[in-house]
Structures are given as structure tokens and as C-alpha cells.
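The report below goes through the nonpolar cores, one helix, one interchain contact and some backbone details. Please read it alongside the sequence and the coordinates.

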Amino acid sequence: MGLYSYLLISIIIFTIGVYGIITQRSGIKILMCIELLLNSANLNLVAFSSYNDDATGQVFALFSIAIAAAEAAIGFAILVALFRLRDTINLDNINILRW
Amino acid sequence: MFKDYAALIVLLPVIAFVLTLFLGKKLYSGGALLPIAAIAGSFIISLGIFFEIYPDGIVQQSIPWFSSGISQMNMGILIDPLAIVMLLMVSFVSLLIHIYAVGYMSHDPAKSRYFAETSLFTAAMLSVILSDNILQFFISWEIVGVCSFLLIGFWYHKPSAAAAAKKAFLVTRIGDVLFLAGIVMLYVNLVKIINDPANAFEIGSGNFILQFKTMFEAIPLIDKTQLTYITLLFFGGAVGKSGQFPLHGWLPDAMEGPTTVSALIHAATMVTAGVYLVARTFPMFFNTPATIMTGVPDSLLIVAIFGGFTALFAATMGLVMNDIKRVLAYSTVSQLGYMMLALGTAGAVAGTQAVSCSIFHLISHAFFKALLFLCAGSVIHAVGTNDIREMGGLFNKMKITATTMFIGALALAGIGIPFIDIGTAGFFSKDLIIEKSFEFGEKTGGWGWIFYGFAILAALLTSIYIFRLWFMVFTGKPRSERHSHESPGVMTVPLMILAVFALLFGFLHTGFFGYVETNFELMGVEIAVHEGEVVHPPIIIVLLPVIVGVLGFLVSYVIYYKRMLDMSKIISSENPLYKLLYNRYYEPKIGADLIGVKLTHDVVAQSGEFIDRKIIDGLVIDTIISNTIFKISEIIRKLQTGVVQNYASITILGVALLLVLLKLKLGGI
Amino acid sequence: MINKVFNLLIALLLFAVLFIAIDDSYTDLAKKEEINYISIAQIAGGPDIRGGIFSDFIFSFELLSLLLLAALIGALYIAKKEA
């Protein structure tokens, strides 16, 4: 049951992250949910690494963490710029792509 | 030794072009010296090659260029007797005209552009002459056309000049399209011949397809009707470039350019490229079947018809023009008609002698027509107007110009003494063409006499109009108060040199004929291009051209010098014939107004617009189909909310569905 | 409101699919030998992460550092105050 439970946790966290992304209004909350997604993937990687007795999974989890950090930094920078422009973080009103 | 530098004949003027284009303004004398040096270099190399290959050598060099399918194209140089005489003429005349232009264009601020463009033009023309395959010939031909466009529109701020340049380019383009079609047709036929195993035809090693040599070797194998079409298409190109009827309209309009341009391009060199094309591919013309008139190859007959008609047609218009350059332009068109007539009629009668006849007239025409144009330029430079009705009595002030122009007029009218063979260059060349057309008439009879009629009538009219020009410009009382002075030395010296050639070139005719006639044999072409028998026409026929020339002189003398008859009382300006000629047979109106505006705009464009507006738009605007589509799109439009999260949610949904699908189809991921 | 329900359904659908995925593959896995837990004490020094980063995947590691640099600069540029 060991590996199975890790995978299950990973899926649950993933789903919560997805739900958060498609529902939340605030930009910061969306970024936090993105971090959730990335963390669930990392968890998955590490679980399989332990199961396969191979360090590669953990190495990739390390890379993934670094990339998540970079991406979160950029995301926040964009939010800051957006806030400066629109004075709000409510992403419901940022819809210039509409018809 | 000079043979190795044959490529420099073309490259030197090209280098001069590039340098003058970019550095022209900074050079001494506005960039004139560089092209002059380059063309002098080309002339010296051509002279050296001439002395090396006379009497029976050929220079052939080629490098492979690109291959397409099975065929390999090349770039190469072929200098045989035909090419070398043309090279010498072109480089020499171009050199003299450049020297003249130093004086003529001295006040013009854009003269570095002028010299660059004429340098490029000379390079392209030399390349036309010495190219050894028809593809390179065509490419150089096109470059020549472009340079003509640039030079005619040299003073492009004048709308008439810009329009004339455009017209010249478009009309010669029609000819070029025909020429290209001919090349394509030729290529297709050659490939068919090569691929057909029944013919034992192979391109020799070191030879390439589309070289003239290969073309000539394949002539016996080409289907005869195809050969007729190919040669007629080539002639179409020559019609455009050499201004034969019906594509002649651009030449008189091209006089909008500087006079030196008219002398270089439209008298001596570019317009002769058409004649050169027909001469180069003469074995093909000669071997077309004789279906229309027995004993006369078809294409040659068509060439003669167009040439002869143009000769007469243009000469009639030259009678009434009042612009000094227009008269000379029509004279050029007429003389080009003579050259084509020579190729056609003498070709049927005397074989390769036609080529030497025609090219001899081409070269002598180059000399005296360039002379006439440069004299006209000298007059225009001095007086400031082109209209001969405002000139008169210039003889005392411009003696050198007047005498050289008189010599040119004598040469054009073909004055000389027949039986002891002394005369101007035009006497030898033009009168020989008239004799050959007589022999043609004798050989074919019936309709064949029309060519002789064309030739002799045109000779009469030529003599009349050229002496009319001379008398109106240089004699009598000045018709308006215009200051005039003799031109500077840099302009009169080329005039004198050209006058010497116009007088004396004729005496080279025996050596010339003997040399150029061997042209096709030297190329190693085994075609039955036979010599004609030497026929002596009756004495009266030999004398007739000279009589006609002198008659024209007397007519002009009476009317324009002695003023015994006042032309304006005999033929008023309202005379319909006069109006027909003066309006150039309404050709510009037909061409531009009728075809250009009325046909294209009123008929084609407006009907197109009608169809577009009423019919096509009527199908879609405000009908049931279009309205329903509008309503549906209003609904579907709401799908694009613009909120990125909605898009994300749909994406996730899609991924989920995809996984479901995978599970169902493959039974597990 | 309907938006939240719809999104919830989508998320649950995704969860269901993924769950079925691991469930199926785990039942295959479960048929094999039960995994033997290797105790940490058995591996000298733990899993070979050093070999992973610095010899096998050194290229990715260097690229990652480059990526971090780019992200740093990018974030700084986007977020800086307009002068």
C-alpha cells in the first residue's frame, strides 16, 4: 500500500490545485494553486524514485522545484505589473480576449 | 593573347558602371572618364581579337552555369565573324558617343547617373553580341531593355519622359514575351529530339543545350512547322526591340531622352539587337518550309513583309514631322525595316549573303545615323529647341555641324556613282538591299515585286525628308531669333570621325562580305546554306536607287531651299492625308486611348465591377442564408468570454475526456 | 455559482480519471512481488543524488541555472517601477 497511497495523495493534491486554478478570482491564489500542482508532480516523482531504487526521480524533483521557483517569481512579477496597471488583482475583469 | 581577355569586353564596362554609380559625383568630370576608359579598353580588346581571328578563327569559351533536369545551361562567349564586326562597331560608336556626351551633358547635374547607365548599357549590348547561347542572349537583351528604359526616362521629372520610358519598356516587353515563348518552344523541341532514341543526336562533349551550335546542329531534326513557329516568335522579339510595325510606336516617343541616348541606343545599338537576333539564328529561318510562296522560306517571307512595310510606313511619317529628332527616329525605323527586308529577300535569293548584306547596312547605318543624331544634338545644344520650324540659316554659324550632317544625309540617301563604285556608305549598303529585293522580285514574280516597290519608294521618301530636314535647319533666313554657336571641340571631333566613316566605310564592302559570309561555315554548322548565283540586274535597276536619291534631293532643294513651291499652299494643314501622317496614323491614339483606356477601363474593368457588385454581392448581402449565419454567430460569439480561467477549465475537461477515450479504446493507459 | 459547480464537476471528473488510471496500473503492479523496502541503513550514504546532478544530468543542471538567471532578470524587469 505504500506506493499506492503516495500516488493517491499526489492525485488528490493535483485535483485540488486544478480546482483552485479554474475557480479562483484572485491572482495570488491562482499562483498558489499552481505551486500545488507542481508539488503534486514532485511528490509523484519522488515516490517512484523510491520505488524504483533510482535516484533519477529525486534529481528531477530537484530540478522541478527550481523551475517552480523561477516560474513563481515571474508570475508574481507579472501580477505586480498588472496591479500597477489595473489597480486590481481580480482576474475576472482582465478579459480583453473576449469577443 | 587578346582572346583570353574576351570576357573583359563585357566586364570592363560593368565595373565602370558600378564605380560610376557609387562614386560618380566625386570623380573628376562627373564620372565620365571611367566609362570612356572602360569602353576604350573593350574596343582595344575587340580590335586585338579581330586581328587574331581574321580570316578564319573563332573564339569559343564557356563555363557551365546551372542544370535543370537533364539539361545543363552555360554562360559563354562566341566570337565569330558576325560577332566581331558587331563588337567593333558597337564599342567604337559607343566610345565616340561617350566622348561627345562629355560635352553635351556638361551642364546636367545628374551626369554621373547618365554615364553609369550608358556604361551598363554598353556592357549589356556587348554581352548580347558575344553570348554563345540563347539564354544568355535573352538575359542580356532584357538588361538592354531596362537600360533603355532608364535612359529614356533620364529626366524623369518630365512627365512626358516618364511616360515615354514606360511605353518603350512595355512595348518591347510584348516582343520579349514572344521571344521567351520562342526559346521555351525551342527548348522543348530540343529535349524531345535528344530523348528520342531514333535520332542519333547527342550534344557534343563540352557543348551545352541552348548553345547556338547545338541549335544549328539540331535543325534538320526539328519538326518543320515547329521551326516556323519558333522563328516567328523570335522575330516577334525582334519586332519589339527593333521597332517594326506594329510595335514601332515607342521609338519616336523615345526621343524624350537626351540626344546622345537617342544616338547610342535608338540609332546604332539597341534597335539593331533585333536584326542581330535574326542574323544569328539565320540558319533556322532559312530552313523553314516554303509553303506560302515557292522557293521562299516562310519565316523569311514574313520577315521581309514586316520589314518592307515598316520601311515605307515610317518613311511616310518622316515627311511631315517638325521635330528634328522625330524625323530621325522615323528614319531609324525605316532603315531597320530595310535591314529586315534584306534578311528576308536576300535570304531567299542568295543564302548567307543576306546576313552580310543586312549587317553591312546595319553597321553603315550605325555610323551615319549616329552622326545625324549627334549633329542634331549639336544643333539642339546650340539653339535650344527641337522644332525645325524655328531654325534656319544656321550654316554660317555651325559650319562643322552643317557639313558633317550633310555628309550623313548623303549617306542616308544612298548617293554615289554606280559603276565605278564610289560613294558613301549608304550607297553601298542601301542600294545593295534594293538590288537584292529586285532579284527577289525576279525570282518569285507576281507578289514578289511588292518588296521592290516598298524599297524604292521608301528610298525616294527617305531622300526627300532628310534633305528637307537639312535645308530647313541650315539654310534660308533664320525663322526665329535664336542665338546659336558652334559646339565645342569635344563634340565636333566625334562628328568628324563619324563623317569619315560614313563616307569611307562603303569601300570595305568586298572584304566585309567575303568575311561575314563564311560565318556559319566557321561555326562548324553543316547546313545547306548555299550561295546565290551572282546575278547582274539590268543597268536601269542599278542606276535607279541613285536616281531616286538625287531626285529626292532636287525635290527638297526646290521646295525648301529655293522656295519655289510653298508647301503650305498646296497641302493645307487640314488635308486628311497630311493629318493622317502627322498624327502618326493615329497609332498613339489607338494604342493608348483606345486599347489602354477605353478597352481596359470601360469594357473590362467596369463589367468586372458590375459583376462583382450586383451579382456576387447580391448573393450574399441581405439574404436568408447570410442573416441566419449572422444570428448563429451572435450566439456562438458568447463562447469567447475572455476570461482565461474558463479556457483553462475547458482545457482540463478536454484532457480528462481524452484520458477517458484512451482508456476505452486501448483498455488502459 | 453555476460556474463553481461546473468547475467542481470538471475537477472531479479529472480526479476520477486519474484515480482509475493509477488503480488499474496498481493492480498490475500488485500482482508482482510486494515491493521490498530498502532501509536507509542498507544504502551507504543514501540515494546517489550527487551522481544524478553532477555527472549524469550536468547539462540540465547548468541549463537550470541559466533558466534561474533568466527568470531573475525577467522578473526584475517586469516588476520594476516605471521611471
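The largest nonpolar core (a set of buried Ala, Val, Leu, Ile, Met, Phe, Trp, Tyr and Cys residues joined through C-beta atoms within 7 Å) has 211 residues, and those with the most contacts inside it are Phe367(B), Ala370(B), Leu371(B) and Ala502(B). Here a residue is buried if 20 or more other C-beta atoms lie within 10 Å of its own, exposed if 12 or fewer, and partly exposed in between, with the C-beta atoms placed from the backbone. Helix H15 (residues 353-383) of chain B gives the largest share of this core, 19 residues; helices (H or I, at least four residues) and strands (E, at least two) are DSSP runs, numbered from the N terminus. A second, separate core of 15 residues includes Val18(A), Ile30(A), Ala656(B) and Leu18(C).

This is a predicted model, in which local features need pLDDT of at least 70 and side-chain atom pairs count only at pLDDT 80 or more, whereas totals for chains, interfaces and linings use all residues. Residues are numbered from 1 along each chain as its sequence is written, and chains are lettered from A and ligands numbered from 1 in the order in which they are written.

Leaving aside neighbours within four places in sequence, Ala502(B) is in contact (C-beta atoms, placed from the backbone, within 7 Å) with residues including Phe367(B), Leu371(B), Ile407(B) and Thr424(B). Elsewhere in chain B, 22 of the 24 residues of H3(B) are buried, so this helix is largely enclosed by the rest of the structure.

The contact between chains A and C takes 27 residues from chain A and 29 residues from chain C. On the chain A side, H3(A) supplies the largest share, 14 residues. That side divides as tabulated, with Ala, Val, Leu, Ile, Met, Phe, Trp, Tyr, Cys and Pro counted as nonpolar, Asp, Glu, Lys and Arg as charged, and the others, Gly among them, as polar.

| Class on the chain A side | Number |
|---|---|
| nonpolar | 21 residues |
| polar | 5 residues |
| charged | 1 residue |

Chain C itself has 3 helices and 0 strands, and buried residues make up 8% of its 83 residues.

Two backbone details remain. Most residues other than glycine have a negative phi, and most peptide bonds are trans. The peptide bond from Phe245(B) to Pro246(B) is cis, with omega near 0°, and Pro246(B) is found in the loop between helix H8 (224-242) and helix H9 (250-253) of chain B. Asp87(A), in the segment after H3 of chain A, has a positive phi near 65°, and with 7 C-beta neighbours inside 10 Å Asp87(A) counts as exposed.

How values were computed: Contact = placed C-beta atoms within 7 Å.
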